[in-house]
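The following exercises concern a predicted model. Each task is followed by a solution in steps.

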Amino acid sequence: MAMLKKLVVSVSAAIVLCGIASAPARAAEETYGMVVFLKGSEFFNWAYAGFQDAAKTVGAKTELQGPADWDASAEARAVDQLVAKGVKGVAVTAGDANTLVSSIDKGIAKGVPIVTFDSDSPKSKRLLFVGTNHYNAGYQAGLKMGKLLGDKGRIGISMIPGLDSINGRIAGFEAGLAKAAPGAKVVVKVNDEGDLQKAETVNTAMLQANPEINGIFCAHGNPATGAAAAARNVGRDKGDNKVQVMGFAIDVPILQMVERGELVGTVAQNPYMMGVMSFHMLYSAAHKTQFDNMNQPGFGNVPSSDLDTGVAILLKGDAALKTLAKPPKL
Amino acid sequence: MLTTLKKKLKTGSVLQAVGLTVIILLIGITMQVMNGNFLSAANMEVMAMNLIFEGIMAIGMTFVIIGGGIDLSVSAVFPFAEIIVAKLMIEAGLPIFPAVLITLALCLGIGLINATLINVLRVHPMVITMGMMLTLRGINLAITNGKSIAGFSDDFLFLGQGTFFGINLPIVFFLFAAITLGYLLKNHPYFRQLYFIGGGERAARLSGVKVEQVKTVVYMLSALLAGIAGIMAAAQYGAAHWSHGNLSELKAIAAVAIGGADVNGGSGNVFGTVLGIAFLAVVHNAFVSSGINTFWYDAVNGLMLLIAILFSKYIERKNARAVLSAKQMKLDESGGYPKANMAEQRA
C-alpha cells in the first residue's frame, strides 16, 4: 500500500508540475497542426521547419503530429485529434490517399481548414494540395539530361511501376528530354522495387544488357545510390564512357554523392516551401475576408488550384547541397 | 465492510487497478483544468476511438499472455482482414455477410496455424508469431501492390462509422467483447485453465489439462479479434491499406502488461487490460491536447510499462513470501513435523 501511495503521489506531482510548466503555452494564440507519417524523417522535418517559420511571422503556434512509422490510419486519428482539440487549421501529408478521406472530410465539415502537402488525398474535400507537380519535376530533369547528353543520349530509368507520382515524373522526363535533345531516347525502364540493393542488381543487369546506355534517371528517392553502384560494377563510373546518374532525393548521402561527382545531379523537391505555403494557405482559409472561398464557402480565400512548390536540379558546387545537408532547426 | 475492502486492496491486481484508475482520473482532471476541452464530447469520442482497435486486439492478447504466450501476428492480421474483406467486396463483388464470414474464417485459420506450429514445434510463440507477422506483411503488400483499396458500400461503412444509441459501433463491440470475454475468463472453467497453463505448462499437462487444445482456442480467438478489428477499421477509414495497424501489437501487449497481467503468464484479467488501454488513450490525448512533443509519448508509455512490470514483480514476490510464511505457520501449528522428522532420521 505504501508503495502505491508513493507511486500515486509521485505521478500526481509530476502531472501537476507538467501542467504548470506548460500553462503559458496555452495562451490565446492560434494553433495550427501538421500531420505527417514517418515523423522525424529529414524531408518532413524540413516541411515542419517551413510551417513553423511561416507561423512565427503572424505569431501563431504550431504542432507536429503523426506516427514515426508508415501508418496512414494513425495519421487519420491524428487529424481527428487536432480537429477535436480545436486547432485553426491542419496540413496533412497523406500516407495513403484513401485512408485520409474520412478524417479530412469530417474536419472540413466542422469548419477546420485542411490542406494536403507532398502526398495528396484528391478524393477528399481538402482545400488544396501544396507540393511538387511530378510532371513538371520530371520535365526539368529531362531538360537537364537532354542538355547534358545531347542527341546521343540513351537513357535507362530506374523506377517502381504503378505509382501515379512516378508515372507523372517519367512522362515529364520523356517530354523534357524530347524538347532538349530530340535525338535522345529512353531505352529501357527497370523496376527497382524501391530497394537500394535491388536497384544495384537491376541497374547492373540493365547496363550489361544495354551497353549503349549513357544516362540513368532515378525516378524516386532510393535507387540513386544503387544506380551509381551499378555504374561502378560495370566499370563506367568515370572516364569518357561514364554513365551519368540523376537522382530524385535530398537525403544527405545523395547530396554528398552529387558533391563528389558520383551523381551528375539530383532533383530536389522543396519541402521547406511546402511547409511555408501550407501554413499561409491555412491562415488564409481560417481568416475570412470580403471575398469568400469559391470552392468551399465558409472558409477564407485560397487558390482554387493546387500549388506547385517546384524543384531544383542540384549540381556539383550548388550552395543548396550544403544547406540541405544540415538538419533544419525545429 | 472496510476490512473486506482492505483485504481486497492487498491483492496485487486490485491494487494495480485502483492505482491505474487514480492515475487516469488525475491526468483527466489536470487536462480539463489546463485546457478545458478534455471532457468535451468531441474529445471524448476521439479519445475513445483513438486506440479502440488496439483495445479489441488487447482483449485477445490478454488470453494469450495469461496462457504464457504472446501473439505478435495481430498487427499483420489486422490489415490482412482489411485487405481480404475489401478484395472480396470491391473486387469480387461479394455481399457484406459472406465477405465478412470468409475473412473471419481466414483469420481463424491464421490463429490455427500459429497454435499448431507452437504446439508441434515447441518453439517460443514469439518466434512463430513473428514469422507469421512478417509473412502476412509480405502477403499484404504483394496482393495490393502497396496500394490501398477503397469504394466500400455505405452499409459496410456503417460497421465502422455507425453508432448505436449514439456510441460508435467499434466502441460498442469493444465493450461487448470486454464484458463477455472478461466474464468467461473469470468464471468459465475452460478459460480458468489458462491461469494454470500460464503458471506452469508442464504441471497443467500432468494434471490432465488439454494444454494444446486450450492454446489453440486462445490463438484463434486472438486472430479472430484482430480480424474483427481490421474489418471495422476498413469500415471506419473507408479504405484497406497494408500500413494500417503498424506496431499495434506492441500497444496491445503494453495495455495488457500495464493492466496488471504477468507477461510470463499465469495472471491478468480483461478489466485490467481495459484500464491499460484507457491509460494509453488518455496519455496520448493529454500529449496532443497540451501540445507537448509526441515523441515523449512513447517514452512515457515505455516508462509506465516498466513501472507496471516492476510493480507486478513486487506483488508476485510479496505473494510468494506470504505463501511461504503461511506454510511455515501451518508447519509450526502442526508441531514442527519436519523438525521431528529430521530428529527421527538422525536417530
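**Exercise 1. Identify the residue of β4(A) that stands opposite A:V90, and describe the surroundings of that strand.**

Solution.
- Step 1. The partner of A:V90 is A:I114, which lies in β4(A).
- Step 2. β3(A) and β4(A) run parallel and are joined by 3 bridges.
- Step 3. β4(A) is also joined to β5(A), by 2 bridges, and this pair runs parallel too. Here A:F117 stands opposite A:V130 of β5(A).
- Step 4. In a regular strand the side chains alternate between the two faces of the sheet. In β4(A), A:I114 and A:T116 are on one side, while A:V115 and A:F117 are on the other. All four are buried, and both faces of β4(A) are therefore covered.

**Exercise 2. State the handedness of the unit that β3(A), α4(A) and β4(A) make.**

Solution.
- Step 1. The helix of the unit is α4 of chain A, residues 101-109.
- Step 2. Together with β3(A) and β4(A), helix α4 makes a β-α-β unit that is right-handed.

**Exercise 3. Locate A:K125 and decide whether it is buried, exposed or partly exposed.**

Solution.
- Step 1. A:K125 sits in the loop between β4 (114-117) and β5 (129-131) of chain A.
- Step 2. Within 10 Å there are 15 other C-beta atoms. A buried residue needs 20 or more and an exposed one 12 or fewer, so A:K125 is partly exposed.
- Step 3. Leaving aside residues up to four places away in sequence, A:K125 touches A:I104, A:D105 and A:I108.
- Step 4. A:Q296 is 171 residues from A:K125 in sequence, yet their C-alpha atoms are 8.7 Å apart.

**Exercise 4. Compare the span of α9(B) with the expected value, and determine how its buried residues are arranged.**

Solution.
- Step 1. Helix α9 of chain B covers residues 169-187, which is 19 residues. At 1.5 Å a residue it should span 27 Å, and the end C-alpha atoms are 27 Å apart, so the two agree.
- Step 2. Buried residues of α9(B) are B:P170, B:F174, B:A178, B:L181 and B:L185.
- Step 3. These residues cover an arc of only 100° around the axis, so they lie on the same side of α9(B).
- Step 4. An α-helix has 3.6 residues a turn, so residues three or four places apart point the same way.
- Step 5. The face turned away from the buried side of α9(B) carries B:F176, B:T180, B:Y183 and B:N187, which are exposed.

**Exercise 5. Determine how far α5(B) is enclosed by the rest of the structure.**

Solution.
- Step 1. Helix α5 of chain B (residues 74-91) has 18 residues and reaches 25 Å from first C-alpha to last, close to the expected 26 Å.
- Step 2. Of these 18 residues, 15 are buried, so α5(B) is largely enclosed by the rest of the structure.
- Step 3. B:G93, with a positive phi near 75°, follows α5(B).

**Exercise 6. Describe chain A overall and find where its pLDDT stays under 50.**

Solution.
- Step 1. Chain A contains 11 helices and 12 strands, and 52% of its 330 residues count as buried.
- Step 2. Its average pLDDT is 88, with 91% of the residues scoring at least 70.
- Step 3. Among the elements of chain A, strand β3 (residues 89-92) has the highest mean pLDDT, 98, and helix α1 (residues 2-22) the lowest, 47.
- Step 4. The stretch with pLDDT under 50 is residues 12-27 of chain A, for which the model has 13 contacts beyond four places in sequence.

Technical notes. Residues are numbered from 1 along each chain as its sequence is written. Chains are lettered from A and ligands numbered from 1 in the order in which they are written. This is a predicted model: local features need pLDDT of at least 70, side-chain atom pairs count only at pLDDT 80 or more; totals for chains, interfaces and linings use all residues. pLDDT is the predictor's confidence in each residue, from 0 to 100. Two residues are in contact if their C-beta atoms, placed from the backbone, lie within 7 Å. The expected span of a helix is 1.5 Å times one less than its number of residues. The arc is that of the directions from the helix axis to the C-beta atoms. Two strands pair if DSSP finds at least two bridges between them. A crossover is right-handed if, with the strands pointing away from the viewer, the path from the first strand over the helix to the second runs clockwise.
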